[in-house]
Amino acid sequence: MLRFPLLLAICLLPSMSIAHAEDAAAVRGITPGKVIIPTEKMRRIWGELVSVDLATRTGTFRAEGEDAIYKFAVMPYAEMLHHATNGALSDFRIGERAIFRLHVNEQGEWYWLTYIQDEMNMLRGHKEYYIVESLDPEKGRIGFTWAKADKSFVRQEGLFLETDKETKFWKAGKPASFADIKPGDLLRAKTHGIGKGQSRIAWHVFLDDESLEAFRDKQVAVHSRRMAQEGLPGYVDRIDGGTLELTLFREGSELAETLLTGRKKAKAAPIAVQVAPTDASLKPSAAAISATVVTCEKAPGALYKLVLQTTADTSKFREKEVARVWVNE
C-alpha cells in the first residue's frame, strides 16, 4: 500500500511538468524584427569593454566578477546609455566599466546585448553616490561607501576609487583637483578597469551633481545632432505597396516626439520625411526616398509606431529589417 506522501507526489508529477513547461514558454526569446527584451531571463554584468566592431555591431567585454570574457552582438534596438543619457556604440571607450545586459541565443549562450549602461547612468538613475570615507593624496586613492546620499540604502562598503595623471576632477561644472575632495563628499565617476579583477580607475570624478549634469547636457545635444544627421532607426514591420509601417527605437524618441506633436498640430498638412533601408551596421544601404507621415503613435517601451506613405519604389526595403527616417526641415 502506497503511503500518502508518495501517492501525493506521484499525482502531482503531471501538474509539475505542465507548470515547468509553462514557465519555459513564458521566457521570450530574441526574435529578428521584433523589439523584445526578455527580462524573464537576463544577466546584467559589471565589466569592462575589451573590443568592439562597429561594422558588425559585435564585441567582447570582461566580466570583472569572474574575469571571464563574453562575446556579444548588439541588437538594433539596444540602449547605449552613455554619460547618463542616450548614446551610440561608438561613444564607449575600450576599457570603460559599465553594465552589460545579456540574453541567451539559440545555443543557450549569453550573447544578445540589449543595453550597455555606463556608470554615470547607473548612479544617476538609482540616486546613488560614492560617499567619501577616506583620502590618500599620496596614492591618489579615495575610500568610499556606495550608497544613497543619506545611507538609507547601502549597496557596498569598503571600496576604493583610484586616480592617476589622466583623471579629471569636476566641481560646479568646472575643472577641480583631488585636493577639493573632503570626507563625506558625494561623488560620482566614470571609470575603467585594468584588465583583471575589480578595479575602478577614474577618467572623470564629479564632485557634485551639477558637474555630472553638465556632461549629460552635452551628450544630449551630441545625440540629438546624431539622430538628425543619421536618421531615426526602427524596424520595418510591414510593406504594402507605397505604405511602410515602422517601429522606431527609443534612442530616437526625442525627434520621434516631434513627429507625434507635429501630426497633432498639422492634421491637414502632411509631415515630409526621408526614409532608407540599412545594412548590418545600421547605415543606409540605398538612397533615401521621400514619404509623408500618415500616423505616429506612442507604443509601450518608449517606442513609436510610424506609418509612412510614398509614391517611390519600396522594393529595397525588407520587413523585419532596420530603416532610418529623417525629418525634413
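**Strand pairing and pockets in the predicted model**

Strand 14 and strand 15 (residues 243–248) run antiparallel and are joined by 6 bridges. The model in which this pairing is found is a predicted one. Within the pair, Arg238 stands opposite Glu245 of strand 15. The hairpin that these two strands form has 2 residues between the strands, and in this hairpin Gly241 takes a positive phi near 65 degrees. Strand 14, which spans residues 232–240, also pairs with strand 19 (residues 322–327), again in the antiparallel sense and over 4 bridges. In that pairing, Pro233 has Arg324 of strand 19 as its bridge partner.

A second set of pairings is centred on strand 5. Strand 5 is joined by 7 bridges to strand 6 (residues 110–118), the two running antiparallel, and strand 5 is also paired in the antiparallel sense with strand 1 (residues 43–53), over 6 bridges. Arg101 takes part in both pairings, since it is the bridge partner of Arg44 in the pairing with strand 1, while its own bridge partner in strand 6 is Tyr115. In the hairpin of strand 5 and strand 6, which has 5 residues between the strands, a positive phi near 80 degrees is taken by Gly108. Of the 8 residues of strand 5, 7 are buried, so this strand is largely enclosed by the rest of the structure.

Ile99 provides a local view of strand 5, in which this residue lies (residues 97–104). Its relative accessibility is 8%, and Ile99 therefore counts as buried, the cut-off for that class being under 20%. When neighbours within four places in sequence are left aside, the contacts of Ile99 are with Arg44, Ile45, Trp46, Tyr115, Ile116, Gln117 and Met122. Among these contacts, Arg44 is the residue whose bridge partner in strand 5 is Arg101, and Tyr115 is the bridge partner of Arg101 in strand 6. The C-alpha atom of Ile99 is separated by 9.7 Å from that of Leu81, a residue 18 places away along the chain.

Two pockets were also characterised. The largest pocket has a volume of about 600 Å³. Its lining comprises 29 residues, of which Ile30, Thr31, Pro32, Met75 and Trp112 are the closest to the centre. Strand 3 (68–82) and strand 5 are the elements that give two or more residues to this lining, and the largest share, 4 residues, comes from strand 3. By class, the residues that line the largest pocket divide into 14 nonpolar, 8 polar and 7 charged.

For the second largest pocket, the computed volume is about 360 Å³. A total of 19 residues line this pocket, and those that lie nearest its centre are Arg57, Ala88, Glu230, Ser281 and Arg324. The elements that give two or more residues to the lining of the second largest pocket are strand 3, helix 3 (209–230) and strand 19, with helix 3 providing the largest share, 3 residues. The lining of the second largest pocket is made up of 10 nonpolar, 3 polar and 6 charged residues. Arg324, named above among the residues nearest the centre of this pocket, is also the bridge partner of Pro233 in strand 19.

Conventions:
Residues numbered from 1 in each chain as written. Predicted model: local features only at pLDDT ≥ 70, side-chain atom pairs only at ≥ 80, totals over all residues. Heavy atoms only, no water. Buried < 20%, exposed > 50% of the residue type's maximum accessible area, 1.4 Å probe, protein only. Contact = heavy atoms within 4.5 Å. Pairing = 2+ DSSP bridges. 1 Å grid on protein atoms, 1.4 Å probe; cavity = no way out; pocket = protein on both sides within 12 Å on 5 of 7 lines; lining within 4 Å. Points joined across faces, edges and corners; volume = space filled by probe spheres on them. Nonpolar A, V, L, I, M, F, W, Y, C, P; charged D, E, K, R; others polar.
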